[in-house]
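Here is a friendly walk through one protein chain, from its overall fold down to a few charged side chains. Have the viewer open as you read.

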Amino acid sequence: GAGNGAGEEAGGAEFYLRYYVGHKGKFGHEFLEFEFRPDGKLRYANNSNYKNDTMIRKEVFVSPSVLREARRIIQDSEIMKEDDSNWPEPDRVGRQELEIVMGNEHISFTTSKIGSLVDVQTSKDPEGLRIFYYLVQSRGIDAWYKLGRPFMAFPMGD
């Protein structure tokens, strides 16, 4: 819940992040989803039926420093100031969802899969969508995954 603001700068406030990208196609529901929880649990799920139909699920606890870094990335991106009302709607190509709770702020974005920066630039909100794109796609998933990966008991299969 919302506190009195004390300790928020110190990184003590609640932090939650969930990211999902997926689509339903000829291989069924294929998706990648992960979430950082306030208690430090990182949950990861990846379902791709392309070569084999195994669902990968991992749960690990990450250190407070990893959570702080995740928070810092979110704060630096200024994504919390954005609004997805002019972003492309999810379509048959797929959807992306990003939900973040930081202190007493809570945002939730939904948009289509973004193929490239061209899609960003031709959208109705290139500025906001660019922030989202860089956060989750270019440095994003990879960076988030690498943040958590050292704490995983065994590496994900390719």
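## Starting point: what counts as buried

A residue is called buried here when its relative accessible area is under 20%, exposed when that area is over 50%, and partly exposed in between. Glu 97 has a relative accessibility of 18%, so it counts as buried. Keep that cut-off in mind, and keep in mind too that this is a predicted model.

## The chain as a whole

The chain contains 4 helices and 6 strands. Going along the sequence, their order is β-β-β-β-α-β-β-α-α-α.

Of the 158 residues in the chain, 41% are buried. Among contacts with a separation of 6 or more, 47% are between residues 24 or more positions apart. The accessible surface of the chain is about 9,100 Å², and carbon and sulfur atoms contribute 49% of that area.

## Strands S2, S3 and S4

Strand S3 covers residues 41-47, and 5 of its 7 residues are buried, so the rest of the structure largely encloses it. On one side of the pairing pattern is S2 (residues 28-36), which runs antiparallel to S3 over 6 bridges. These two strands make a hairpin with 4 residues between them, and Gly 40 in the turn has a positive phi of about 95°. S3 also pairs with S4 (residues 55-61), again in the antiparallel sense, over 7 bridges.

Which residue can you use to trace the pairing from S2 into S3, starting at Leu 32? The bridge partner of Leu 32 is Asn 46 in S3. From Asn 46 you can step onward into S4, where its bridge partner is Ile 56. When you look at the side chains there, it helps to recall that in a regular strand they alternate between the two faces of the sheet.

## Glu 97 and its surroundings

Glu 97 sits in strand S5, which spans residues 95-102. Leaving aside residues up to four places away in sequence, Glu 97 touches Arg 18, Tyr 19, Tyr 20, Phe 109 and Thr 110. Its C-alpha atom is 6.6 Å from that of Thr 111, a residue 14 positions away along the chain.

The side chain of Glu 97 also makes a polar contact with the side chain of Arg 95, at 2.9 Å.

## Salt bridges

How many salt bridges does the structure hold? There are 12. As general background, side chains of opposite charge can pair when their charged atoms come close.

One of these pairs is Glu 33 with Arg 18, whose side chains meet at 3.0 Å, N to O. This pair links distant parts of the chain, since Glu 33 belongs to strand S2 and Arg 18 to strand S1 (residues 15-25), 15 residues apart. Glu 33 is partly exposed at 25% relative accessible area, whereas Arg 18 is buried at 16%.

Another pair is Arg 43 with Glu 35, with the closest N and O atoms 2.5 Å apart. Arg 43 has 26% relative accessibility and is therefore partly exposed, while Glu 35 has a relative accessible area of 6% and is therefore buried.

## A helix pair and a shared network

In helix H1 (residues 64-77), Glu 69 and Arg 72 are 3 residues apart, so about one helical turn separates them. Their side chains meet in a salt bridge of 2.7 Å, N to O. Glu 69 is partly exposed at 27% relative accessibility, and Arg 72 is partly exposed too, with a relative accessible area of 36%. Elsewhere, salt bridges with shared partners join Arg 18, Glu 33, Arg 95, Glu 97 and Glu 99 into one network.

## Asp 125, without a salt bridge

Finally, take a look at Asp 125, in the loop between helix H2 (117-121) and helix H3 (126-138). Which side chain of opposite charge is nearest to Asp 125, and how far away is it? It is Arg 130, at 8.4 Å; Asp 125 is buried yet has no salt bridge.

Not counting residues up to four places away in sequence, Asp 125 touches Glu 82, Asp 83, Asn 86 and Trp 87.

How values were computed:
Residues numbered from 1 in each chain as written. Predicted model: local features only at pLDDT ≥ 70, side-chain atom pairs only at ≥ 80, totals over all residues. Heavy atoms only, no water. Buried < 20%, exposed > 50% of the residue type's maximum accessible area, 1.4 Å probe, protein only. Contact = heavy atoms within 4.5 Å. Areas by Shrake-Rupley, 256 points an atom, 1.4 Å probe, with all protein chains shown as cover. Pairing = 2+ DSSP bridges. Polar contact = N/O pair within 3.5 Å; in protein donor to acceptor, adjacent residues only side chain to side chain. Lys, Arg positive; Asp, Glu negative; His and termini not counted. Salt bridge = Lys/Arg side-chain N within 4 Å of Asp/Glu carboxyl O.
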